[in-house]
Amino acid sequence: MAEAVEVYSKLETEEEDVYTKDGTVDYKNNPANRNTTGTWKACPYILGNECCERLAYYGMSTNLLLYFKYNLNQHSTTASKNLSNWSGTCYITPLIGAFAADAYLGRYWTIAIFSIIYVMGMTLLTISASVSGLKPTCVSKEDCHATTTQSAVTFIALYLVALGTGGIKPCVSSYGADQFDDADEREKKHKSSFFNWFYFSINIGALIASSVLVWIQDNVGWGWGFGIPAVAMAIAVGSFFSGTRLYRNQKPSGSPLTRIAQVIAVLWKKRRVQVPNDKSTLYEIADNESAIIGSRKLDHTKSFSFLDKAAVELESDRTKESLDPWQLCTVTQVEEFKSILKLLPIWATGIIFATVYGQMNNLFVLQGTFMRININKFTIPPASLSIFDTLSVIFWVPVYDQIIVPVARKYTGKKTGLTQLQRMGTGMVISIFAMLAAGTLEVVRLGIVRRNNYYDYKNMPMWIFWQIPQYFLVGCAEVFTFIGQLEFFYQQAPDSMRSLCSALSLTTVALGSYLSSLLVTIVTDISTKGGKPGWIPDNLNHGQLQNFFWLLAILSILNFGAFMWISNWYTYKKPVGTLSAKFKTDEISAERGLTNSEL
């Protein structure tokens, strides 16, 4: 008997060394072997998928404003609002993908299925821009006319893409982070670097899109300009599937929305119950692992203490054979809900930042069309200036990872150098200077217009390269805020809600786009009263675009103040315990020749 116990203990030790402790499984649904799956072995396939997908996305979106304006013959404000609405939808649909991944499909199959939808949308968009009868009729490059049907096909394709990207965006970053075991200190320290290089891969795709693809769209044709991204997306799908055997997968844990609804329902039923002073008496299962599949237990926190009523165990609860989650919730389930509530104020402060970021493919492009874009016979597509945002990101990611983090670590004593909230706040400050740079440039540009009577002249003597500082500042701000936000929402999310929280972080970009559309509508209505051309007319030489940038700068300052106030009271989550991959006892005994009774 003693020998059997000793053998079993040895087996458990071997198991802990070989298998991950965060509950991940391999493609055969067996416990994930840490030596043959995950870490940087699996990441290249995920990063390759993201690089190609972002090339496809930015290959469309970077120049889409001018496609709406010139090929679909839309007014400047209409084109701007349509782009903002579509971009917003691309960042709202991740809520659908996240729910499917966390509740039913898992991240692997969610990425796979929605990627196929994405390819279908890209294919239809390519057809709409290249097949006679579906593509707009053009007399010249800037004189095209689209029928209602032609416009409808274009937007059906674009919103198919929006649905497809909704299944990819919230899952890919989380899926990559899943390849590193949170319970293993050696792997955990690489997770922060993964988010940096994940964002780096995004911008490699964006770099090709904003340079090569924008030039092709402006000089070769939109059929090729959309067709190449479609091929890139097909390559992205192939890259993802080719790494299947190396991935670690988190099992779907059921609907997170159902668990939240259970807490609310139980809280209402027990609204008059007094929470005990001794919080250790609150209900939690006795096992090391939580009752929620794929989730570690969460330690009790003092915030939102009124929610603790849902975990108060009454005499009536104890008399039942099995506890009903609609009658009594565990501490971990309550803490899940608390985690979401604590994230919401931080999430809200990301909306203004996303509005600033959204100008890069929107009003920055419009501003660029009224600057000098010709070098001899070569024309610089205004949308291609976003390449400097990409170059900025590519520059700052390794600088942050290899220089800023080690230096900051010496002063803060934290492994990550800066906390995620400190990193996000730094980016918000930089974004204010981006808007100030854009507004100042417009003031200088309009000064040249007035002094030289260039009101009806489009390609000004002022070079478009004067836009580089504002693009570069936006890229720097991204490295701090967006990457910090990605890591923050992943780390602070409950284990079983990581896709949902990643989607939640992405919705700031959606709401930022919608806010941009709303602000354009409001300022247009106000500034055009009395027959005035308004801030953003078709001919910017008669407008006051700088006022819009000043408005965003002021909103960003106020937003940063709110962010600082909210960050001061935020407390980081504290998971307890691990999720061990378990051997089946029968398999162990069969291998070692031991019976169940001996074990």
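Helices and strands are taken here as DSSP runs, numbered from the N terminus. The structure is a predicted model, and residue numbers count from 1 along the chain. In this scheme Arg372 falls in the loop between α12 (363-368) and β4 (374-375). Its relative accessibility is 34%, so Arg372 counts as partly exposed. Arg372 and Pro382 are ten residues apart along the chain, and their C-alpha atoms are separated by 9.6 Å.

Eight salt bridges are present in the structure. Side chains of opposite charge can pair when their charged atoms come close. One of the pairs joins Arg34 and Asp181, with an N to O distance of 3.4 Å. Arg34 is in the loop between α1 (2-18) and α2 (39-61), while Asp181 is in the loop between α6 (148-177) and α7 (185-219), so this salt bridge ties together parts that are 147 residues apart in sequence. Both partners are covered: Arg34 is buried at 8% relative accessibility, and Asp181 is buried with a relative accessible area of 0%.

A further salt bridge is formed by Asp308 and Lys338, whose closest N and O atoms are 2.9 Å apart. This pair links distant parts of the chain, 30 residues apart, with Asp308 in the loop between β3 (297-298) and α10 (315-318) and Lys338 in helix α11 (residues 331-358). Asp308 has a relative accessible area of 2% and is therefore buried, the limit being under 20%. Lys338, at 0% relative accessibility, is buried by this criterion too.

Lys338 also meets Glu335 in a salt bridge, at 3.0 Å from N to O. Here both residues belong to helix α11 and are three residues apart, about one turn of the helix. Glu335 has a relative accessible area of 3% and counts as buried. Lys338 thus pairs with Asp308 from a loop and with Glu335 from its own helix. Elsewhere, Glu50, Glu53 and Arg54 are linked in a network of salt bridges.

Helix α11, which carries Lys338, packs against helix α15 (residues 468-492) and also against helix α14 (residues 420-452). With α15, the angle is about 160 degrees and the axes are 11 Å apart. Angles over 145 degrees count as roughly antiparallel, and α11 and α15 are therefore placed in that class. With α14, the angle is about 30 degrees and the axes are 10 Å apart. This value is under 35 degrees, so α11 and α14 are roughly parallel to each other. The crossing of α11 with α15 is left-handed, and α11 passes α14 in a left-handed crossing as well.

Helix α3 (residues 64-71) is largely enclosed by the rest of the structure, because eight of its eight residues are buried. These residues are Leu64, Leu65, Leu66, Tyr67, Phe68, Lys69, Tyr70 and Asn71. After α3 comes Asn73, which has a positive phi, near 60 degrees.

Positive phi values also occur at Asn29 and Phe304. At Asn29, a residue other than glycine, phi is near 70 degrees. Asn29 is located in the loop between α1 and α2, the loop that also holds Arg34. Phe304, likewise not a glycine, has a phi of about 45 degrees. Its position is in the loop between β3 and α10, where Asp308 is also found. Phe304 has a relative accessible area of 28% and is partly exposed, whereas Asp308 is buried at 2%.

On the surface, Trp215, Val220, Trp224, Ile228, Ile375, Phe378 and Phe465 make a nonpolar patch of about 670 Å². Among these residues, Ile228 lies in helix α8 (residues 222-242). Ile228 is partly exposed, with a relative accessibility of 31%. Residues in such patches need over 30% relative accessible area, so Ile228 passes this cut-off.

How values were computed:
Predicted model: local features only at pLDDT ≥ 70, side-chain atom pairs only at ≥ 80, totals over all residues. Heavy atoms only, no water. Salt bridge = Lys/Arg side-chain N within 4 Å of Asp/Glu carboxyl O. Helix = DSSP H or I, 4+ residues; strand = E, 2+ residues; numbered from the N terminus. Buried < 20%, exposed > 50% of the residue type's maximum accessible area, 1.4 Å probe, protein only. Patch = residues over 30% accessible without salt bridge, like charges linked within 9 Å, V, L, I, M, F, W, Y side chains within 5 Å. Areas by Shrake-Rupley, 256 points an atom, 1.4 Å probe, with all protein chains shown as cover. Axes fitted to C-alpha atoms, helices over the stretch in contact; angles between N-to-C directions. Parallel < 35°, antiparallel > 145°, perpendicular 65-115°, else oblique. Left-handed = near helix turned anticlockwise from the far one by under 90°.
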